[in-house]
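Thank you all for coming; I would like to walk through one structure with you, slowly enough that each term can be explained when we meet it. Please keep the picture in view while I talk.

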Amino acid sequence: MFAKMIEKEEIHNFELIIGLAKDDPNFENVSHIIHLLDRFDKKRDNEDPELKSAVFAVVKEILEQRIAKPIFGYSPTAPLPDPIPETVDEVLNYLDKYWGNPAIRHNDIGRGYLLFFEKGTKLDHNTLNTVPR
């Protein structure tokens with residue numbers, strides 16, 4: 001099970017962050033979420049557990065609102081999951097598994113590329129409609 005998430009009410013400008021993720025055509029991976037949190041919420045150390053918690057809260061909201069669907073297979077820092085996660089919890093468990101993996105060099109940079117997103121497609125309401133690439 002993934003780490004406890006910070007409540008979205010505890011993230012300053014949470015709705016702005018979600019709106020920017022939704023409207024930015026260049027939004028594509030976790031590194032963009034980290035950037036938005038740094039800019040509109042607060043700067044956190046890359047190893048701060050609160051950063052992970054805040055990122056997970058934003059990822060969860062993006063997936064639950066069907067703003068984007070997760071894409072697996074682009075990450076240079078984690079393998080293609082087998083099976084491909086099909087629920088929000090499964091996606092968060094995947095992120096949790098590789099977030100602080102000491103076997104990955106440059107954790108602070110690499111974690112930004114653990115998960116990519118695709119926007120602009122109709123998402124099935126019963127599944128995340130995840131895509132292996």
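N13 is partly exposed, with a relative accessible area of 43%, where partly exposed is the range between buried, under 20% relative accessible area, and exposed, over 50%, computed with a 1.4 Å probe on protein chains only. This residue lies in the segment before α1, and although N13 is not a glycine, its phi is positive, at about 60°. A second residue of this kind is R66, which is not a glycine either and has a positive phi near 60°. R66 sits in the loop between α3 and β1 and, at 29% relative accessibility, counts as partly exposed.

Before going on, I should say that this is a predicted model, in which local features need pLDDT of at least 70 and side-chain atom pairs count only at pLDDT 80 or more, while totals for chains, interfaces and linings use all residues. Residues are numbered from 1 along each chain as its sequence is written, and side-chain values use heavy atoms, with hydrogens and water left out.

Now the overall picture. The secondary structure comes to five helices and three strands, where helices (H or I, at least four residues) and strands (E, at least two) are DSSP runs numbered from the N terminus. Read from the N terminus on, the order of the elements is α-α-α-β-α-α-β-β. The protein has 133 residues, of which 47% count as buried. Among contacts between residues at least 6 apart in sequence, 73% join residues at least 24 apart, contact meaning heavy atoms within 4.5 Å.

Let us turn to how the helices pack, beginning with α3, residues 49-64. How do α2 and α3 lie relative to each other, parallel or perpendicular? Their axes come within 10 Å and cross at roughly 115°, and α2 and α3 are therefore roughly perpendicular to each other. For the terms, axes are lines fitted to C-alpha atoms, for helices over the stretch in contact, and angles run from 0 to 180 degrees between N-to-C directions; angles under 35 degrees count as roughly parallel, over 145 as roughly antiparallel, 65 to 115 as roughly perpendicular, and the rest as oblique. From α2, the residues V30, I33, I34 and L37 meet L51, A54, V55, V58, V59 and I62 of α3. By class, this contact of α2 with α3 has ten nonpolar, no polar and no charged residues, where Ala, Val, Leu, Ile, Met, Phe, Trp, Tyr, Cys and Pro count as nonpolar, Asp, Glu, Lys and Arg as charged, and the others, Gly among them, as polar.

Helix α4, residues 88-99, has an axis that comes within 10 Å of that of α3 and crosses it at roughly 150°, and α3 and α4 are therefore roughly antiparallel to each other. On the α3 side the residues in this contact include L51, V55 and F56, and on the α4 side they include V88, L92 and W99. By class, the contact of α3 with α4 has ten nonpolar, no polar and four charged residues.

Helix α1, residues 14-23, also comes within 11 Å of α3, axis to axis, with a crossing of roughly 55°, and that makes α1 oblique to α3. Here F14, I17, I18 and A21 of α1 meet A57, V58, E61 and I62 of α3. The classes in this contact of α1 with α3 are seven nonpolar, no polar and one charged residues.

Is D41, in the loop between α2 and α3, buried or exposed? D41 is buried, with a relative accessible area of 11%. Its side chain reaches the backbone nitrogen of H12 at 2.8 Å and makes a polar contact with the side chain of R44 at 2.5 Å; a polar contact is a pair of N or O atoms within 3.5 Å, and within protein one must be able to donate a hydrogen and the other to accept it, while residues adjacent in sequence count only if both atoms are side-chain atoms. Leaving aside neighbours within four places in sequence, D41 is in contact with E10, I11, H12, I17 and L36.

Two last details. K4, in the segment before α1, counts as exposed at 67% relative accessibility, and K4 and E50 are 46 residues apart in sequence but 9.6 Å apart in space, C-alpha to C-alpha. Finally, the peptide bond from D82 to P83 is cis, with omega near 5°, and P83 has its place in the loop between β1 and α4.
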